[in-house]
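Biologist: Please show me the model, and then let us work through how the chain is put together.

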Amino acid sequence: MKKILFALSILAAFFLGFGFKTLTDTSWKSDKDLKRVTGIGGIFFKVKDPKALRQRYSDHLGLSVNDYGSVFEWYQGADNSKKGFTQWSSFNEKTKYFNHQKKNL
């Protein structure tokens with residue numbers, strides 16, 4: 001029993017040390033290495049009745065909707081002369097659109 005506890009404590013110390021070093025090591029970080037998110041391309045989800053949901057969001061939230069959902073236009077914070085767009089779309093709960101096969105990944 002003592003051998004098992006000793007082995008577990010060695011493993012725990014190793015993993016805690018490794019995790020701490022990984023979390024605190026910033027030597028790889030530089031501004032040119034880091035990529036930044038400049039926007040969200042879309043919000044996509046499944047619902048029972050996408051058409052009814054689009055109509056509800058149009059009626060109650062004032063969204064301008066089409067057959068695909070709604071598009072939000074925004075300007076980038078770092079350069080407010082650049083536009084960005086985010087698509088909001090609801091899909092039928094039975095859609096296979098979100099099913100990924102290994103060959104597509």
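**Fold and contacts**

Modeller: From the N terminus on, the elements run α-β-α-β-β-β. The model is a predicted one.

Biologist: How many helices and strands does the chain have?

Modeller: The order of elements from the N terminus is α-β-α-β-β-β. Counted by type, the chain has two helices and four strands.

Biologist: In what order do the strands lie in the sheet?

Modeller: The sheet is open and its pairing is mixed. E1 and E2 are the edge strands, each pairing on one side only. Across the sheet the order is E1-E4-E3-E2.

Biologist: In which sense do E1 and E4 pair, parallel or antiparallel?

Modeller: Six bridges join E1 and E4. One of them puts Gly-42 with Gln-87 in E4. The sense of the E1 and E4 pairing is parallel.

Biologist: Which residue of E4 is the bridge partner of Val-71?

Modeller: E3 and E4 pair over six bridges in the antiparallel sense. Gln-87 in E4 is the bridge partner of Gly-42. For Val-71, the bridge partner in E4 is Gln-87.

Biologist: How many residues lie between E2 and E3?

Modeller: E2 and E3 run antiparallel and are joined by two bridges. Val-65 stands opposite Ser-70 in E3. The two strands form a hairpin, and the residues between them number two.

Biologist: What span should helix H2 have, at 1.5 Å a residue?

Modeller: H2 covers residues 50–61, which makes twelve residues. The expected span is 1.5 Å times one less than the number of residues. The end C-alpha atoms of H2 are 16 Å apart, in agreement with the expected 16 Å.

Biologist: Within what arc do the buried residues of H2 fall, seen down its axis?

Modeller: Pro-50, Leu-53 and Arg-54 are buried in H2. An α-helix has 3.6 residues a turn, so residues three or four places apart point the same way. The buried residues of H2 line one face of the helix, because they fall within an arc of 100°.

Biologist: Which residues are exposed on the other side of H2?

Modeller: Exposed means over 50% relative accessible area. On the side of H2 away from Pro-50, Leu-53 and Arg-54, which are buried, the exposed residues are Lys-51, Arg-56, Asp-59 and His-60.

Biologist: What angle does the direction of H2 make with that of E4?

Modeller: The buried residues of H2 pack against E1 (42–47), E2 (65–66), E3 and E4. H2 thus packs on the sheet, touching E1, E2, E3 and E4. Its direction makes an angle with that of E4 of about 135°.

Biologist: Which residue just after H2 takes a positive phi?

Modeller: H2 is made up of residues 50–61. Just after H2, a phi of about 75° is taken by Gly-62.

Biologist: How far apart are the closest N and O atoms of Glu-73 and Lys-83?

Modeller: Glu-73 lies in strand E3 (residues 69–75) and Lys-83 in strand E4 (residues 83–92), ten residues apart. The cut-off for a salt bridge is 4 Å. Glu-73 and Lys-83 form a salt bridge, with their closest N and O atoms apart by 3.5 Å.

Biologist: Is Glu-73 buried, exposed or partly exposed?

Modeller: Partly exposed lies between 20% and 50% relative accessible area. Lys-83, at 47%, is in that class. Glu-73 has 43% relative accessibility, so Glu-73 counts as partly exposed.

Conventions:
Residues are numbered from 1 along each chain as its sequence is written. This is a predicted model: local features need pLDDT of at least 70, side-chain atom pairs count only at pLDDT 80 or more; totals for chains, interfaces and linings use all residues. Side-chain values use heavy atoms; hydrogens and water are left out. A salt bridge is a side-chain nitrogen of Lys or Arg within 4 Å of a carboxyl oxygen of Asp or Glu. Buried means under 20% relative accessible area, exposed over 50%, partly exposed in between (1.4 Å probe, protein chains only). The arc is that of the directions from the helix axis to the C-beta atoms. Contact means heavy atoms within 4.5 Å. Two strands pair if DSSP finds at least two bridges between them. Axes are lines fitted to C-alpha atoms, for helices over the stretch in contact, and angles run from 0 to 180 degrees between N-to-C directions.
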